[in-house]
Amino acid sequence: MSTQTTLTETAAPALAEYAREHAPRLPLAERHPAFYRAMRGLETAAAQDIDPTLYHLIKIRASQINQCAFCIDMHSKDALAEGETVGRIVQLSAWRESRHFYTERELAALELTESVTALTDGVPDEVYDRAAALFDETELARVIGAIVVINAWNRIAVTTRMTPGHYTPRSA
């Protein structure tokens, strides 16, 4: 299946076997364009000078934690279109048991992503210190920015009920 094929396209012959797609709640970009433009600006800033592979892993992992199906769909497709492997994406939800799929820097970023995303216990010093030992301060600031921005997008997509399955990556 190509990264451009949607669930609807692949399931057409047996469509009755799948649950109906839910309807989006609110077209936020249309109803609050200034806010949406500001979010796009944050996204652009967060993506600057950060390793794209690391950026995709952060976005997918935070989206998994936040159960944001739209963002999981989007960022997995983007990552695949840019050369990420299926194996690394599939193993991402169990990265602690699949450590050998990732670099030490990726592991530190994933651990930090989980702490910042959940925030129920704050960000433990040992988690922050592991990341700080592997990233210089500028890189660490970029990783934190990436985590914060994807969490904001997840909250928008989940709240407005953006529908997964129809996204096509630009670079595909």
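In this predicted model, His56 is found in helix H4. The side chain of His56 takes part in a polar contact of 3.0 Å with the side chain of Glu82. When residues up to four places away in sequence are left aside, the residues that His56 touches are His75, Asp78, Ala79 and Glu82, so that the partner in the polar contact, Glu82, also appears among these neighbours. With a relative accessibility of 7%, His56 is classed as buried, because a residue counts as buried when its relative accessible area is under 20%.

Helix H4 is also involved in helix packing. Two packed helices are described by the angle between their axes and by the distance between those axes. For H4, which covers residues 52-65, and H7, which covers residues 104-118, the axes come within 9 Å and cross at roughly 35 degrees, and the crossing of H4 past H7 is right-handed. On the side of H4, the contact is made by Thr53, Leu54, Leu57, Ile58, Arg61, Ala62 and Ile65, while H7 contributes Arg105, Glu106, Ala109, Leu110, Thr113, Glu114 and Thr117. Sorted by class, the residues in this contact comprise 7 nonpolar, 3 polar and 4 charged ones.

Two loop residues were examined for their backbone angles. Asp49, which is not a glycine, nevertheless has a positive phi of about 60 degrees, and its place is in the loop between helix H3 (33-47) and H4. The relative accessible area of Asp49 is 63%, and the residue is therefore exposed. A positive phi, of about 55 degrees, is likewise found at Leu119, although this residue is not a glycine. Leu119 is placed in the loop between H7 and helix H8 (125-134), and, at 53% relative accessibility, Leu119 also counts as exposed.

The cysteines were considered last. A disulfide is a covalent bond between the sulfur atoms of two cysteines. A search of the whole structure finds 0 disulfides. For Cys68, the closest cysteine sulfur is that of Cys71, at 3.3 Å, which is too far for a bond, because the two sulfur atoms of a disulfide must lie within 2.5 Å. Seen from the other side, the closest cysteine sulfur to that of Cys71 belongs to Cys68, again at 3.3 Å and too far for a bond. Both residues are nonetheless classed as buried, Cys68 with a relative accessibility of 1% and Cys71 with one of 4%.

Technical notes. Residues numbered from 1 in each chain as written. Predicted model: local features only at pLDDT ≥ 70, side-chain atom pairs only at ≥ 80, totals over all residues. Heavy atoms only, no water. Buried < 20%, exposed > 50% of the residue type's maximum accessible area, 1.4 Å probe, protein only. Axes fitted to C-alpha atoms, helices over the stretch in contact; angles between N-to-C directions. Helix = DSSP H or I, 4+ residues; strand = E, 2+ residues; numbered from the N terminus. Left-handed = near helix turned anticlockwise from the far one by under 90°. Contact = heavy atoms within 4.5 Å. Nonpolar A, V, L, I, M, F, W, Y, C, P; charged D, E, K, R; others polar. Polar contact = N/O pair within 3.5 Å; in protein donor to acceptor, adjacent residues only side chain to side chain.
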